[in-house]
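Subject: Structure handover

Hello,

Here is the structure I promised to pass on. Please open it first, then read the notes below.

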Amino acid sequence: MAKVKLFGILSTKVALDELIIEADNIEELLIKLSVMESKLNMEELKKSLIFVNNKNIIELNMFKTKIGLNDNVSILSPIAGG
């Protein structure tokens, strides 16, 4: 099970900033998160900045990045510009 921390607008949408989710990879984690928390959708989650153990998934294997016990996943809401 991975410890998932939400930041920015994501944490305010669900009134939580930390969840524990069992998943094999980031894509599965995002699917489970969007099912558990109806205020979050996959499109928004996939546009977010996602880090596994402080490494951006862009540097890893993107949404296929494996996760396991004791991994820390941080999801930061996308930044909107004006």
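I'll start in the middle of the fold. The buried residues of helix α2 are covered by several elements, including β1, β2, α3 (42-46), β3 (49-52) and β5. Bear in mind throughout that this is a predicted model.

Which residues of α2 are buried? Helix α2 covers residues 26-36, and its buried residues are Ile26, Leu29, Leu30, Leu33 and Ser34. They span an arc of only 130° around the axis, so they sit on the same side of α2. The N-terminal end of this helix has a cap. Asn25 provides it, with a side-chain oxygen 3.1 Å from the backbone nitrogen of Glu27.

Next, strand β1. It takes in residues 2-7, and its side chains alternate. Ala2, Val4 and Leu6 point to one face and are buried. Lys3, Lys5 and Phe7 point to the other face and are not buried. For "buried", read under 20% relative accessible area.

Which strands does β1 pair with? One partner is β2 (residues 18-21), in the antiparallel sense, over four bridges. Look for Lys3 here: its bridge partner in β2 is Ile20. Another partner is β5 (residues 72-76). That pair runs parallel and is joined by five bridges. In this pairing, Leu6 stands opposite Ile75 of β5. So Leu6 is both one of the buried side chains of β1 and the residue facing Ile75.

Now the whole chain. It has three helices and five strands. Read from the N terminus, the order of elements is β-α-β-α-α-β-β-β. The radius of gyration is 12 Å, close to the 12 Å that the globule rule gives for 82 residues, so the chain is as compact as a globular protein of that length. Along its principal axes, the C-alpha trace spans about 35 × 25 × 20 Å.

A few totals to finish:

- Buried residues are 39% of the 82 in the chain.
- Among contacts with a separation of 6 or more, 55% are between residues 24 or more positions apart.
- The exposed area of the chain is about 5100 Å², and carbon and sulfur atoms supply 54% of it.

If you want a place to begin, try β1. From there you can follow the bridges to β2 and to β5. Then turn to α2, whose buried residues have all three of these strands among their cover.

Best wishes

Definitions and conventions: Residues are numbered from 1 along each chain as its sequence is written. This is a predicted model: local features need pLDDT of at least 70, side-chain atom pairs count only at pLDDT 80 or more; totals for chains, interfaces and linings use all residues. Side-chain values use heavy atoms; hydrogens and water are left out. Buried means under 20% relative accessible area, exposed over 50%, partly exposed in between (1.4 Å probe, protein chains only). Helices (H or I, at least four residues) and strands (E, at least two) are DSSP runs, numbered from the N terminus. Two strands pair if DSSP finds at least two bridges between them. The arc is that of the directions from the helix axis to the C-beta atoms. Contact means heavy atoms within 4.5 Å. A polar contact is a pair of N or O atoms within 3.5 Å; within protein, one must be able to donate a hydrogen and the other to accept it, and residues adjacent in sequence count only if both atoms are side-chain atoms. The radius of gyration is taken over C-alpha atoms; the globule rule is 2.2 Å times the number of residues to the power 0.38. Accessible areas come from the Shrake-Rupley method with a 1.4 Å probe; for residues, only the protein chains shown count as cover.
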